[in-house]
Amino acid sequence: MVEREKRKPADQDPAINAEITTEIERLADELAEVREQLAATSEVLAVIGRSASDLEGVLETVVESARKLCGADVGQVLLVDGDRYRLAYGSGMTSEYREFIANNPVVLDRETLVGRVGLDRRATQITDVLVDPDYGRTDAQRVAGYRTVMGVPMLLDGEVVGVLSLWRTQVDPFSDRAVEVLTTFAAQAALAVRTVDLVRALESRTDELGRKVTQLEALGAVGQAESFSLNLTEVLNTIITQAVQLSGTDGGSIYEFDEDAREFRVETVCGTSPEELEALRRIRIGLDDTFIGKAATLGRPLELMDLRDAPLDPHLSVLAESGWRSLVAVPMLREGRIVGAMVIRRYTPGRIPQEICNLLETFASQSALALINAQLYRQLERQSAALEVASQHKSEFLASMSHELRTPLNAIIGFSEVLLERMFGELNERQDDYLRDIWSSGKHLLELLNDILDLSKIEAGQMVLNRSEFDVRESLEYCLSLVRERAIKQRILLSLEVGPEVGLVNADRLRFRQVVLNLLSNAVKFTPDGGRVDVRASVRDQDLVVTVADTGPGVAAEDRQRIFDSFQQGTRHTEQVEGTGLGLTLSKRILELHGGRIWVESEAGQGSRFGFAMPAGAREPALRSVPQAALDSGLTTEPAPGPGPTVVVVEDDRRSFDLLRVYLETAGARVVGARDGEEGLDTVRRLSPAGVILDILLPGVDGWEVLAQLKADPGTAAIPVIVVSMLDERGRGFALGATEYLVKPVGKEQLLAALYRAAAMPERKHTVVAIDDDPLAIELVRASLEPEGWTVLGAATGQDGLSLIRERKPSAVLLDLLMPGMDGFEVVEALRADPDTKTVPVVILTSKSMTRQDKERLQGRITYVARKTEFDVSGLAGLLRWVSTSRQSPASESG
Amino acid sequence: MTHVILVVEDNERNLKLLRDVLEYTGYDVRAARTAEDGITLAVSEPPDLVLMDLQLPGIDGMEALRRLRESPRTAGIPVVAVTAQAMKQDRERALAAGFDGYVEKPISVRAFLDQVRRFLPGEEAGTE
């Protein structure tokens, strides 16, 4: 055990010497024991101070020290756990016993030593369990083989939280000294248990605060400020209260350190009057000139045994005036940074034990964590306030920038438009060319400006999606119509393929179009003359997928990501792919708002395929309300809901059917498909449609047979049938009773005109007949007007135009003047001469410079003269709306 | 009959653009560079239509509209905002304040003329 010090006897009297020697040896032994005990105690405290939440570590130190100091074979700590004791730490015992006691735990009764200690709440020893009549756990004794057992209670606030016990396998009672040692250790173990509980509670609260900060950070919300600061105060309050209680002192306070001001501010107090708190708040507690500042700077606790003897700083003065006599200032540090300080005070002078100081340091570090979270939170609060202000400034800045840029743009675009309109005379080719450059550059700037505004709206979270369910095909067609003009000029072939499974999508319609239009106009812009642009739509895994493929130069690998990120903070690409502007970035953001994504597949020189996907999200998940069987065949057998007349299309080729369906649906018809003759007959008989579109080459019963049967049946004989076939056998068709006979390929206009003639469908209200010998000019008119809801009927000659007007009675006529054969002047005269067509408004759309004679010839007979130089979509549509609603207006001119 | 249009616009170039386009079309154009001048002109000789910029030195377009509506001589004149303010809420605010129309700058000349005509019902547009 203890190594004894050997001393030489001081005297020669052997008896006295022996007595003295014995006494010295005894004292030396005792001293050594005390020293050892002290060392062990401080070791325990050190462990507690070092790792307060490491209960195992503390208990290990306690048990190992106690076992060694008391010369026991086994030492153990058992903690109360409900109605039994749980072995928290054991030293020197077999694993067999551990297992046994885990399965047969010690309970709170008198059968065991531990049970008795718990019930009696005092140190107890059983010299030999085998002779103790009341000892009941002989089962455990047989496993462990102990004979002498001793234990002391671990008390906390008068309650037993556990038992610290030792045993020997020989009958060899423990000394009183050992009981004392064990009692001390038990108190330390209890303290450790308490500290651990407390620290764990604090940690969980701190974690909670930390989580809250993270949460708030993520939410960018500041609304929870109140609950947050309440939580903080509560946490700090708990810490200081526990610290005061555990240290047995009278009061304390926690201060937060303000790095900028280099001063401490009181955060919470315990055992302190409101007046005193008020006084503490009023004074400045500087880092450089106060006692707690010194403790913080040194980075260790500083003690003041009597305030009456100490030099007073402003802080200490306030405390001294309130009657405080002694205190410990504990710095709160985090990663070497001063976060705050904790002060524990007493109304009496004197020392505060070192172990208490150690404990206080643990509390201080917990408080530091809480304070840091609070600081983080306040910082967040300030930042969000600053952000709010910044965002406000940004909005104001954007609005004013937009205004400032629009003002000169108005002059640039407006004046070039005025000149291009020839308002002030003819232009030579180069002037016209330059003015177009000026005009389109102005427009480009305007687009960029609008994109910037949209992007900032998204960045600021202000873009709200206006969702609705709409038809994907219709939107795609609309976008195609907007780029058709340019595509025609560049001889680019545009194609659209929409899978039969694609129907409605739930999205912001305008934003959807914005994205598609952006991809389309980029594709057309970068595709060389004579190339092609293919648009495809399909549904994959509930996602609507749209791709736009072009035959342009492609996108280099290194650009494939960054073309979507031109507005990204911190990235600036000086060699930005020219001309893409911000459209792709904007598209990407818009898709992200929809929960979708955008990508590009490309190989340099091989063209590119841009694609995007977004959740279809429609109630009928991107599908039309058609039976699955019909979907499989690509044909519909039931009418889709819609207001228009029903038209049955008997067609076995899926692509042809799709095309016909598009044409008919955009004209407002409800389309029902049949894929063979038999089904066709059946469907027509069942639905009695307004019209039938009939293919001739069908599997099984062919078109001729269908036509004959329909005409033979009185129930269906009156239904107009329009044959649409590869075969040019008009004679046979008409002989069998076809109302119209069209040879494939059939255009939309041709088909609709046939349907209108057959009276299978009422014509749309706004129809315009465009007469021009240049097919491009008619295409341009179509591109401008169709998106605005107009039906455009084209005629290449004056004669065709006249008959079309007589037949269809359009709401306006767009007329070219210079045409081979019957020219525009003659058309006007013919129209005005016929009472049926006298009132139809005529807009002259011409590139001819009007002479005085020309004007005189037209005077009073036409409604408006516009120049062909520019096609302004809204302009032309507006103009036509205007002329068709004010039919009697005599001529006016623009251009 | 020639319609009289009052343009209130402080930016010289934009004023010139509007005036040239309108005069070319055959309208009689009166110009004012401040709202105050515009109101004085409108009261002394009420035009058929007022085209009003919103951001003006001194009192702004909104206030000018309010004053025009207050005076019995000018209360019935259609007033159209012609402005470079392009935020969605700007348009809504202007229309809520009682502007009869809202034309965003930069203007499209043809659409602009179309819009102007709409506020001159029964107009017989100027011919040569």
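This report describes chain A as a whole, then a surface patch, a helix pair and some backbone features in a predicted model.

## Basis of the model

Residues are numbered from 1 along each chain as its sequence is written, while chains are lettered from A and ligands numbered from 1 in the order in which they are written. In this predicted model, local features need pLDDT of at least 70, side-chain atom pairs count only at pLDDT 80 or more, and totals for chains, interfaces and linings use all residues; side-chain values use heavy atoms, with hydrogens and water left out.

## Chain A overall

Chain A holds 26 helices and 29 strands. Both are DSSP runs numbered from the N terminus: helices are H or I with at least four residues, strands E with at least two.

Of the 895 residues in chain A, 52% are buried. Buried means under 20% relative accessible area, exposed over 50%, and partly exposed in between (1.4 Å probe, protein chains only). Among contacts in chain A with a separation of 6 or more, 66% are between residues 24 or more positions apart; a contact means heavy atoms within 4.5 Å.

## Surface

The exposed area of chain A is about 41,300 Å², of which carbon and sulfur atoms supply 50%. Areas come from the Shrake-Rupley method with a 1.4 Å probe, and for residues only the protein chains shown count as cover.

Val80(A), Leu108(A) and Leu119(A) make a nonpolar surface patch of about 220 Å². Such a patch joins nonpolar side chains (Val, Leu, Ile, Met, Phe, Trp, Tyr) within 5 Å, from residues with over 30% relative accessible area and no salt bridge (a side-chain nitrogen of Lys or Arg within 4 Å of a carboxyl oxygen of Asp or Glu). Val80(A) sits in strand S1 (residues 74-81) and is partly exposed, at 31% relative accessibility.

## A helix pair

In chain A, helix H12 (residues 429-459) packs against helix H15 (residues 583-593) at an angle of about 35 degrees, with the axes 10 Å apart. The axes are lines fitted to C-alpha atoms over the stretch in contact, and angles run from 0 to 180 degrees between N-to-C directions. Residues making the contact include Leu455(A) and Ile458(A) of H12(A), and Leu586(A) and Ile590(A) of H15(A).

## Backbone features

Most residues other than glycine have a negative phi, and most peptide bonds are trans. Asp541(A) has a positive phi of about 45 degrees, and Gln542(A) has one near 65 degrees. Asp541(A) lies in the loop between strands S15 (532-540) and S16 (543-550) of chain A, as does Gln542(A). Asp541(A) is exposed at 73% relative accessible area, and Gln542(A) is exposed at 53%.

In chain B, a cis peptide bond with omega of about 0 degrees joins Lys105(B) and Pro106(B). Pro106(B) is in the loop between strand S5 (101-104) and helix H5 (109-118).

Technical notes
Patches are made of residues with over 30% relative accessible area and no salt bridge: like charges are joined within 9 Å, nonpolar side chains (Val, Leu, Ile, Met, Phe, Trp, Tyr) within 5 Å.
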